[in-house]
Amino acid sequence: MVNVYESSDPMVNPSHYKTKSGLETIEVIEAFTDGLNGIEAVDVGHILRYITRYKKKNGIQDVRKAAWYCNHLIQYLEKQGEK
């Protein structure tokens, strides 16, 4: 199966979103947001995005971004009455 989002342009398909084994962050996000809706899917997607790239891109800044989305998700879930 051909990935429709593949591109030879490194700015479109940067290496910091792919593991040595070829697993891509977008595939991880698709798998872990399946069944989530709205802001839950958005927050989880961003958390995964920033955590998977932090070592190859922006270091602690990306970890802070992931934490921001984590805190946002926590606040949202608390408002929804989830434990």
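**Exercise 1.** State where tyrosine 54 lies and how far it is exposed.

*Solution.* Tyrosine 54 sits in the loop that links helix H2 (38-53) to helix H3 (60-79); helices are DSSP runs of H or I with at least four residues, numbered from the N terminus. The model is predicted, so local features need pLDDT of at least 70 and side-chain atom pairs count only at pLDDT 80 or more, while totals for chains, interfaces and linings use all residues. Residues are numbered from 1 along each chain as its sequence is written, and side-chain values use heavy atoms, without hydrogens and water. The relative accessible area of tyrosine 54 is 31%, so this residue counts as partly exposed (buried is under 20%, exposed over 50%, partly exposed in between, with a 1.4 Å probe and protein chains only).

**Exercise 2.** Compare the reach of H2 with its expected span.

*Solution.* H2 has 16 residues. The expected span is 1.5 Å times one less than the number of residues, which is given as 22 Å for H2. From first C-alpha to last, H2 reaches 23 Å, close to that value.

**Exercise 3.** Find which residues of H2 are buried and what covers them.

*Solution.* The buried residues are Asp43, Val44, Gly45, Ile47, Leu48, Tyr50 and Arg53. Their cover includes helix H1 (25-33) and H3. Isoleucine 47, for one, touches Ala66, Tyr69, Cys70 and Leu73 (heavy atoms within 4.5 Å), leaving aside residues up to four places away in sequence.

Technical notes. Helix = DSSP H or I, 4+ residues; strand = E, 2+ residues; numbered from the N terminus.
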